[in-house]
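Let's take a walk through this protein together, going from the whole chain down to single residues. Have the sequence and the 3D view ready.

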Amino acid sequence: MNNITGKAWVFGDDINTDLIYPQICYTLPEAEKPFHAMEANRPGWATLVGAGDIIIGGRNFGTGSSRPAADNLKKLGISCIIAESVNGLFLRNAVNTGIMAIEASGVHDVVDEGDTITVDLENCRITDITNQRSVAFRGLPPFLMEIIENGGIINVLRAKGLLGKPL
């Protein structure tokens, strides 16, 4: 995995897991859950998201509980989450579900909503192709990248023979 390219969706600070995975998701069929992501602050947003799109967040993205919020975004088609800072619990939930979550100080100054951006994972650089601005980020450690590259922790455990057969 070297590059991720997609359309940017820009959000502000303190986007919490209740916004990403609202209460109604607990009672819905799996296929419907992703379409309620962010509906409290951006009604209809989930219907506009395309496969491979990228979220740009502010400070403390994913604050809140351990709801399966990252899984909701992955099922919606989001390929990567980049924020000024990412809540630690959300970061691990994102990695465990197989979605890239990156902290990049200054990303809000570089990327505008709707722009096409590329995340160069090898050189740790985010480039807004539309306006030719870029910002560096610190890459994730190899053990987290292994989980993401394999589509999540369950796939890694299964491949290593560490997960029993399903009931």
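The paragraphs below start with the overall fold, then turn to one strand and two loop residues.

A word on origin before we begin: this is a predicted model. The protein contains 7 helices and 7 strands. If you trace these elements along the sequence, you will meet them in the order β-α-α-β-α-β-α-β-α-β-β-β-α-α.

How does the radius of gyration of the protein relate to that of a compact globule? For 167 residues, a compact globule would be expected near 15 Å, and the protein has 15 Å, so the two agree. Along the principal axes, the C-alpha atoms fill a box of roughly 50 × 35 × 25 Å. Contacts tell us about the fold as well: among those with a separation of 6 or more, 64% are between residues 24 or more positions apart.

Now for the surface and what lies beneath. Of the 167 residues, 45% count as buried. The protein exposes about 8200 Å², and carbon and sulfur atoms supply 52% of that area. As for charge, there are 14 positive and 19 negative charges, and their mean positions lie 8 Å apart.

Let's zoom in on strand 3, which spans residues 80-83. In a regular strand, side chains alternate between the two faces of the sheet. Here you can follow both faces: Cys80 and Ile82 are on one side, Ile81 and Ala83 are on the other, and all four are buried. Both sides of strand 3 are therefore covered, given that buried means under 20% relative accessible area. Strand 3 also has a partner in strand 2 (residues 54-57); the two run parallel and are joined by 4 bridges. To find one of these pairings in your viewer, look for Ile54, whose bridge partner in strand 3 is Cys80.

Two loop residues deserve a stop because of their backbone angles, so let's visit each in turn. Met38 sits in the loop between helix 1 (17-20) and helix 2 (45-48). Its phi is near 65°, a positive value in a residue other than glycine. Is Met38 buried or exposed? With a relative accessible area of 0%, Met38 is buried.

The second stop is Asn60, in the loop that leads from strand 2 to helix 3 (69-76). Asn60 likewise has a positive phi without being glycine, with a value near 60°. Its relative accessibility is 25%, so Asn60 counts as partly exposed, whereas Met38 is buried.

Conventions:
Residues are numbered from 1 along each chain as its sequence is written. This is a predicted model: local features need pLDDT of at least 70, side-chain atom pairs count only at pLDDT 80 or more; totals for chains, interfaces and linings use all residues. Side-chain values use heavy atoms; hydrogens and water are left out. The radius of gyration is taken over C-alpha atoms; the globule rule is 2.2 Å times the number of residues to the power 0.38. Buried means under 20% relative accessible area, exposed over 50%, partly exposed in between (1.4 Å probe, protein chains only). Contact means heavy atoms within 4.5 Å. Accessible areas come from the Shrake-Rupley method with a 1.4 Å probe; for residues, only the protein chains shown count as cover. Lys and Arg count as positive and Asp and Glu as negative; His and the chain ends are not counted. The place of a charge is taken as NZ of Lys, CZ of Arg, CG of Asp or CD of Glu. Two strands pair if DSSP finds at least two bridges between them.
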